[in-house]
Amino acid sequence: MSSVVGIDVGNASSKIGVARARGVDVIANEVSNRATPSLVSFGQKARALGEAAATAQTSNFKNTVGSLKRLVGRTFQDPEVQKVEKNFINAELVDAKGEVGVKVRLAGEEHVFSATQLLAMYLGKLRDTTSKELGGAGVSDVVLSTPLWFTNAQRRAYLDAAEIAGLNPLRLLNDTTATALGYGITKTDLPEADNPRNVVFCDIGHSSYQVAVVSFSKGQLTVLGTAADRNFGGRDFDRALLLHFANEFKGKYKIDVLSSPKATFRLAAGCERLKKVLSANALAPLNVENLMEDIDASSQLKREEFEQLISPLLERITVPLEAALTQSGLTKDQIDSIEMVGGSSRVPALKERISAFFGKPLSFTSNQDEAVARGCTLACAVLSPVFKVREFSIHDATPYSIKVTWDKAADVPDEDTELVVFQPNNPIPSTKILTFYRKDNFDLEAHYASPDQIPEGINPWIGKFSIKGVTPNAEGDHSIVKVKARLNLHGVLNFESAYTVEEVEKEEEVPVSDPAAMDTDADNKDAAAAAPKTEVRKVKKLQRKADLTIVSGFTGGKDAALVAGMKETEGQLYSNDKLVIDTEDRKNALEEMIYDQRSKLDDRYKLFVTAEEKDKYLAALNAQEEWLYSDEGEDATKSAYVERIESLQKIGGPIQFREKEFQERPKAASALREAINKYMEMAQGGDEQYSHISDDDKQKVIEKCATVAKWLDDGLYKQSELPKNADPKIVSADMLKKKDEISFFCHPMYHEQGQAARRHHPGTTPAKDDKKDASAEADKGDGPSEMDVD
């Protein structure tokens, strides 16, 4: 069965939702956390991703990269990257073939990775975490969350990253839309479409603040308006605290924290902890050990002081609310509920101001941290055939207007040269047909109509689309060219097809009025209504004639060859990571084996080892320990560790086997004796139910059981004559094999007895196997299983 997975790709951490029959589970990672840090770290041997990267970050922060989704689809020269993102990334930002990237050291060598590659690495980690949770099942189809303010270039880069990671995104879903889906699909009391319930969703996350006004009615949601502040979130509050304490410590301890990247990182971590404490307390302490120059820095802050520090941010809190309301065409009085999600929505000052803006209490019915992941998972379940989910339609919207421009045809002087094809708040998905009159090939270019609305530094030029194969029509005049523009489920613009049409005359029946018919009585009226008159006329119709070729070029998206190259690079890195992990595992296994076996020689194995064997095994263990902690052993290959484990196993294996056999032999002997006694009693007991068995067959059973019993007694007697440190004469595996021999030998007798019993008692039926029944019931339905979303 294919998996149904939704991933909330967060700036600080990500959550993974998995659909199951009982609903959506947000799964835990390898350290049992439901949130996985959105970090990629590059070490001396391999990469560290997620939790491992968070652990490595403290000592390797210059080679650890966060803010992955903030970089993807952007250029190094992007002003927002230079002014904003540089403040939150310790790695060196560089240009990576037209996209922003990082320069890091991996395995002692310098490498440059693009933002798309970094995101792909991280998505691969989330894929593996999900696969492990699903018992090793492959993970392909997913729904990924994106900020609602993402542009075409950023969305295309996201899709490229997913492809490199081996994922198949069924949909890129806006964060607020995912939250709205999780909210609405569980509601059984939604009103009819003529009186919808209007809800505002405020998502204040780690790096951005998003607002959506959504109307709900039975079986559907419609996004009425959206707005966002792209640089308003938890990290901005942390930065305000960082600058405050850096300035305080400059006077208090005479240290310049901001001059040291390591000290800045440590203080930022302390500021984040303080902020979280202030959400629930009026006063919070700050303690940072060994901040710099062996100084343990400490301070404290009141909530009022914190709110004063972030007052410039608080003044911006109502701007997205007003913009989203304006776009929706609703007033505050028409809003039924304000739902708060996102980690930073816990800050009391934000809650107070949003509540005051609407004049209503806020609602926290959705899980603030996991609402987006749950919504994405439900969206994946809706799109997947695996689960049957309550029917619920999503009418999402694009935040930006898109226009198409073209060069004027030489012989059409009054032709327009541009058209806004998709207005702000245009539904997603959506298709528009553009009509042109051309005699030869022509180009179209797509742009954002309002460049000031998109993120600063993002190129408003979306792409160029060349329409090829256009020729004059049969009369040598302009051909009518139709071009299909589509905003798909991902919110990505594509020109899907182009074709020519021609006018043709067709005979069709069309209704006509009868001038002779007079409105004289009801009978005439009824007759006219029952049988309207028609006649056959020739009408002009547009008929598709020939398909044309579209050659496309986009910003943000990468060509297939480049993506293929990145996939190959990722595959090599993944293989290297696995080899390093496996090597470390075998190294640890060798170390564990040395300590474990050495301690057991004087304890558990004491009675099962000769003095000579003990001396030899101890010498081998000590020699391997000495090698393990040498320079050679510290950085050896996987095969070297495996070889040394096997060499120790050759010496210690017989000792371990003796001890194991001492424990297992009585159990195996008991099981074998039980089988012997069972079949001997069956053959000798004279029970009527075995009367159908011939005397010859019974004698064969008796002889077989006697032979095996003698073999067992002889073997156990010989074993009792041996010391415990001698190799055993009879082993448990042989006893269990003999037990199986007896069962197989006597099975025909059981079978025949069962058949005979049914012949003598034809009305009886064998007892049903409950497990088989349950399996059969499950197999009855080949369709999707019902999913509980309540």
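The exercises below, each with a worked solution, treat the overall form, the cavities and pockets, and the unusual backbone positions of one protein model.

The model is predicted: local features need pLDDT of at least 70, side-chain atom pairs count only at pLDDT 80 or more, and totals for chains, interfaces and linings use all residues. Residues are numbered from 1 along each chain as its sequence is written, and side-chain values use heavy atoms, with hydrogens and water left out.

**Exercise 1. Describe the overall form of the protein.**

Step 1. Begin with the secondary structure: the protein has 21 helices and 30 strands. Helices (H or I, at least four residues) and strands (E, at least two) are DSSP runs, numbered from the N terminus.

Step 2. Compare the radius of gyration with the globule rule. The radius is 37 Å, well over the 28 Å that the rule gives for 790 residues, so the protein is more spread out than a compact globule. The radius is taken over C-alpha atoms, and the rule is 2.2 Å times the number of residues to the power 0.38.

Step 3. Turn to the domains, whose bounds come from an automatic or database domain assignment. The assignment gives domain 1 (5-230 + 366-394), domain 2 (234-315), domain 3 (400-509 + 537-558), domain 4 (577-651) and domain 5 (659-750). Between the C-alpha centres of domain 2 and domain 3 there are 54 Å.

**Exercise 2. Locate the largest cavity and characterise its lining.**

Step 1. Fix the terms. On a 1 Å grid over the protein atoms alone, a cavity is a set of points where a 1.4 Å probe fits but cannot get out; a pocket is an open set with protein on both sides within 12 Å along at least five of seven lines; lining residues have an atom within 4 Å of a point. Grid points are joined across faces, edges and corners, and a volume is the space filled by probe spheres set on the points.

Step 2. The structure holds 4 cavities of 30 Å³ or more, and the largest cavity contains about 80 Å³ of space.

Step 3. Residues lining the largest cavity include Phe150, Arg155, Tyr400 and Ile428. By class, the lining has 7 nonpolar, 4 polar and 1 charged. Here Ala, Val, Leu, Ile, Met, Phe, Trp, Tyr, Cys and Pro count as nonpolar, Asp, Glu, Lys and Arg as charged, and the others, Gly among them, as polar.

Step 4. Domain 1 and domain 3 both give residues to this lining, so the largest cavity lies between them.

**Exercise 3. Carry out the same analysis for the second largest pocket.**

Step 1. This pocket holds about 540 Å³ of space. Of its 16 lining residues, Glu30, Lys125, Asp128, Thr129 and Ile581 lie nearest its centre.

Step 2. Strand S6 (47-49), helix H4 (115-133) and helix H15 (560-601) are the elements that give two or more residues to the lining; H4 gives the most, with 5 residues.

Step 3. The lining divides into 6 nonpolar, 2 polar and 8 charged residues.

Step 4. Domain 1 and domain 4 both contribute residues, so the second largest pocket lies between them.

**Exercise 4. Identify unusual backbone positions.**

Step 1. Most residues other than glycine have a negative phi, and most peptide bonds are trans.

Step 2. Ile428 and Pro429 are joined by a cis peptide bond, with omega about -5°. Pro429 sits in the loop between strand S23 (427-428) and strand S24 (430-438).

Step 3. Asn290, in strand S16 (residues 283-292), has a positive phi of about 50°.
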